[in-house]
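The following exercises are to be worked with the sequence and the model at hand. Each task is followed by a solution in steps.

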Amino acid sequence: MRNSKGFIIFMITVSLFFLSCTNTGKMGAASAYSPVSKELYDTIVTMDSLLFAAYNNCDLVKFASLVSEDIEFFHDQGGLMTSKKDIVDALKKNICGKVTRELVKGSIEVYPIANYGAVEMGSHFFYNNREKPGTPSKIGKFVQLWKKENGQWQLTRVISLH
């Protein structure tokens with residue numbers, strides 16, 4: 001049951017991502033994003049900020065508190081990770097003090113997912129802190145599913161594309 005439910009959520013997320021990239025029907029005109037709910041948008045932007053403040057500052061306890069035990073992390077280069085512990089351990093080993101994430105301002109889009117939470121899509125850069133400051137970074141895209149359960153938001157699915 002978990003696998004089919006996860007697959008359905010994954011497919012909805014991917015579909016929303018591609019739909020958000022389509023145009024309005026006018027030749028060359030991109031559709032302008034407007035949040036369905038400003039309150040939900042602000043909440044998810046705050047959650048993203050908390051998650052990546054913990055990521056950038058190696059606050060493993062805070063980071064882990066924002067990630068579901070039921071996490072599925074799809075990375076175009078690293079594959080699939082489904083262990084919260086392994087994700088936190090990888091953050092500690094490979095990211096802490098070495099990599100900083102910077103959100104592309106204005107890139108976040110948030111859509112409600114009925115009876116679940118929200119999907120967040122956006123763009124970001126990751127900088128290798130061991131390289132000379134100002135070294136260019138390629139833009140990455142991400143899709144994240146946030147689940148609200150018992151009044152708490154947790155990250156349950158991530159698709160990270162670089």
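**Exercise 1. Identify the residue of β5 that is the bridge partner of Ile113, and describe the hairpin of β4 and β5.**

Step 1. The bridge partner of Ile113 in β5 is Gly117. As in every exercise here, this is read from a predicted model.

Step 2. Strand β4 covers residues 109-113, and its pairing with β5 is antiparallel, over five bridges.

Step 3. Three residues lie between the two strands of this hairpin, where Asn115 adopts a positive phi near 60°.

**Exercise 2. Determine which other strands pair with β5, in what sense, and over how many bridges.**

Step 1. Strand β3, residues 99-103, pairs with β5 in the antiparallel sense over five bridges. Within this pairing, Thr100 has Tyr127 of β5 as its bridge partner.

Step 2. Strand β6, residues 139-149, is also antiparallel to β5, with nine bridges. Here Ala118 stands opposite Trp146 of β6.

Step 3. The cover of β5 itself can now be added: the strand spans residues 117-128, and nine of its twelve residues are buried.

**Exercise 3. Place β5 in the chain as a whole: how many helices and strands are there, and in what pattern do they follow one another?**

Step 1. The chain contains four helices and seven strands.

Step 2. Along the sequence, these elements follow the pattern α-α-α-β-β-α-β-β-β-β-β.

Step 3. Of the 162 residues in the chain, 36% are buried. The exposed area of the chain is about 9700 Å², of which carbon and sulfur atoms supply 58%.

Step 4. For contacts between residues at least 6 apart in sequence, 58% join residues at least 24 apart.

**Exercise 4. Decide whether Thr156 is buried or exposed, and list the residues that it touches.**

Step 1. Thr156 belongs to strand β7, residues 152-161.

Step 2. The relative accessibility of Thr156 is 2%. Buried means under 20%, so Thr156 counts as buried.

Step 3. With residues up to four places away in sequence left out, Thr156 touches Ser68, Asp70, Ile71, Glu72, Tyr116, Leu145 and Lys147.

Step 4. One of these neighbours, Tyr116, is joined to Thr156 by a polar contact of 2.6 Å between the side chains.

**Exercise 5. Classify the aromatic pair of Tyr33 and Tyr41, and state how many aromatic pairs there are in the count.**

Step 1. The description of a pair of aromatic rings rests on the distance of the centres and the angle of the planes.

Step 2. The count comes to five aromatic pairs. In the pair of Tyr33 and Tyr41, the rings are 6.2 Å apart centre to centre, with 40° between the planes.

Step 3. Planes under 30 degrees apart count as stacked and those over 60 as edge-to-face, the rest being tilted; the pair of Tyr33 and Tyr41 is therefore tilted.

Step 4. The cover of each residue is assigned in turn. Tyr33, with a relative accessible area of 25%, is partly exposed. Tyr41, at 19% relative accessibility, counts as buried because the cut-off is under 20%.

Step 5. Tyr33 and Tyr41 form one aromatic cluster with Tyr111.

**Exercise 6. Find the rings over whose faces Arg101 lies, and give the distance from each ring centre.**

Step 1. Arg101 lies over the face of Phe52, at 3.6 Å from the ring centre.

Step 2. Arg101 also lies over the face of Phe142, where the distance from the ring centre is 5.2 Å.

Definitions and conventions:
Residues are numbered from 1 along each chain as its sequence is written. This is a predicted model: local features need pLDDT of at least 70, side-chain atom pairs count only at pLDDT 80 or more; totals for chains, interfaces and linings use all residues. Side-chain values use heavy atoms; hydrogens and water are left out. Buried means under 20% relative accessible area, exposed over 50%, partly exposed in between (1.4 Å probe, protein chains only). A polar contact is a pair of N or O atoms within 3.5 Å; within protein, one must be able to donate a hydrogen and the other to accept it, and residues adjacent in sequence count only if both atoms are side-chain atoms. Contact means heavy atoms within 4.5 Å. Rings of Phe, Tyr and Trp (its six-membered ring) pair if their centres lie within 6.5 Å; planes under 30 degrees apart count as stacked, over 60 as edge-to-face and the rest as tilted. A charge sits over a ring if NZ of Lys or CZ of Arg is within 6 Å of the ring centre and within 35 degrees of the ring normal. Accessible areas come from the Shrake-Rupley method with a 1.4 Å probe; for residues, only the protein chains shown count as cover. Two strands pair if DSSP finds at least two bridges between them.
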